[in-house]
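Hi everyone, thanks for coming. I'd like to walk you through one structure today, so please have the sequence and the 3D view open as we go.

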Amino acid sequence: MSLIYRGKAVKDYQTYGFRFQDVVHMANILVLGREEIMPGAVYDWHGLKRKDVGTFVFQYTLSGTGRIDVMGKSYTVKAGEAFIVEIPSDHRYYFPKESEGWEFIFITLVGREASDCWRLMQELSGPVLKVPPDSKLIRLLLKIYQETSEQKVTDAYYASAKAYEFVMECYRFIRNIEKTAKGFSSQITEALTFIQTHYHEPITLDEIAAVSGFSRYYFIKQFQHQLNMTPMQYLTKIRIQKAVELLRSTRTPVTDIATQVGYANANYFNKVFRKAVGVSAGTFRESKDIVGIDHLIID
């Protein structure tokens, strides 16, 4: 197995290419990456001019806009929207001249499970899907990218398990699409995506508001209206959920987990964790009870 790394100039994003000696036919990852395209850059892929055959792309917009043409129809892909395509097929996705930027994350899969899933999604929703940034599907995609960047994908079987998990989450999403489509505004969607992808950094309310393009006051008002919580409550929710994942799946020291989810002070992290979950992070890790967190109400 080998990984091919291709760096990006705008931000420290990477594209990972997977090449395995052991072939898993059910589902596997071929390419995984995150990119930011800026004005003046050329980004243009045509589905009938590519060399790869039998591959399936899921590309999700984190911010900005891109364009995809499919079978004579043109779609603008905004933050909170994904497109799905099969290669080869009659499509073209690209960075349009009028766009001020396009940031996205994508995964390219191979295998019969991916083939069946993509065809069902296209049948039920078409080539473009509206996917909330806090959905399980997008959280899983970001998690797969993070694990890959941390070099935790060690062989074809682990990568296949992640590919299959992603396919199953696609099935879950498409079957419940009416329930999960929350209809956030594009400005709030970009703010949610920013929080989802920068929760481990010391981000501030002003920085989050700036991403939305709203004033601080109007942003808070709109955020509360659409999510029934403040932006900082949402940030805390995401950080605690990420901490729970790490506490359940790793033996990483609590002090290190605090740093990984955006808290420079481990004592403060424990205080916030206890208030949200009811027990300290250490007690939570050692508890045999499984505590599920869907909603956090934090002052």
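**Starting from helix 2**

Let me begin with what packs over helix 2: the cover on its buried residues includes strand 2, strand 3, strand 5, strand 9, helix 3 and helix 5 (186–198). Before I go on, please keep in mind that this is a predicted model.

Which residues of helix 2 are buried? They are L137, I138, L140, L141, L142, I144, Y145, E147 and T148. You'll notice that E147 and T148 are on that list along with the leucines and isoleucines. As a reminder, an α-helix has 3.6 residues a turn, so residues three or four places apart point the same way. Helix 2 itself has 14 residues and reaches 20 Å from its first C-alpha to its last, close to the 20 Å expected at 1.5 Å a residue. Just after the helix comes Q151, with a positive phi of about 60°.

Now let's step back to the whole chain. Its secondary structure comes to 11 helices and 10 strands. The chain has 299 residues, and 51% of them count as buried. Looking at contacts with a separation of 6 or more, 70% are between residues 24 or more positions apart. On the outside, the chain exposes about 15000 Å², and carbon and sulfur atoms supply 51% of that.

Next, the nonpolar cores. In soluble globular proteins, nonpolar side chains tend to be buried together. Here, the largest nonpolar core has 39 residues, and the members touching the most others are F58, L109, W118 and F166. Two or more residues each come from strand 2 (14–19), strand 3 (28–37), strand 5, strand 7, strand 9 (102–110), helix 1 (112–125), helix 2 (136–149) and helix 3 (156–175). Which element gives the most to this core? That is helix 3, with 8 residues. There is also another core lying apart from this one, with 34 residues, including F194, A209, F219 and A281.

If you want one residue to click on, try L109. Setting aside neighbours within four places in sequence, its contacts include W118, F166, A163 and V167, as well as I29, L30 and F56.

A polar residue worth a look is Q59, in strand 5. Is Q59 buried or exposed? Its relative accessible area is 1%, and because anything under 20% counts as buried, Q59 is buried. The side chain of Q59 makes a polar contact of 3.3 Å with the side chain of Y43. Beyond four places in sequence, Q59 also touches several aromatic residues, among them F83, Y93, W102, F104 and F106.

Last, some backbone details. Most residues other than glycine have a negative phi, and most peptide bonds are trans. So where should you look for exceptions? One is the cis peptide bond between I87 and P88, with omega about 5°. P88 lies in the loop between strand 7 (81–87) and strand 8 (91–94).

Then there is M71, which is not a glycine but has a positive phi of about 50°. M71 sits in the loop between strand 5 (55–70) and strand 6 (73–78), and it is exposed, at 63% relative accessible area. N228 also has a positive phi, near 60°. You'll find N228 in the loop between helix 7 (216–227) and helix 8 (231–249), where it counts as exposed at 69% relative accessibility.

That's my tour. Thanks for listening, and I'm happy to take questions.

How values were computed: Residues are numbered from 1 along each chain as its sequence is written. This is a predicted model: local features need pLDDT of at least 70, side-chain atom pairs count only at pLDDT 80 or more; totals for chains, interfaces and linings use all residues. Side-chain values use heavy atoms; hydrogens and water are left out. Helices (H or I, at least four residues) and strands (E, at least two) are DSSP runs, numbered from the N terminus. Buried means under 20% relative accessible area, exposed over 50%, partly exposed in between (1.4 Å probe, protein chains only). Contact means heavy atoms within 4.5 Å. Accessible areas come from the Shrake-Rupley method with a 1.4 Å probe; for residues, only the protein chains shown count as cover. A polar contact is a pair of N or O atoms within 3.5 Å; within protein, one must be able to donate a hydrogen and the other to accept it, and residues adjacent in sequence count only if both atoms are side-chain atoms. A nonpolar core is a set of buried Ala, Val, Leu, Ile, Met, Phe, Trp, Tyr and Cys residues joined through side-chain atoms within 4.5 Å. The expected span of a helix is 1.5 Å times one less than its number of residues.
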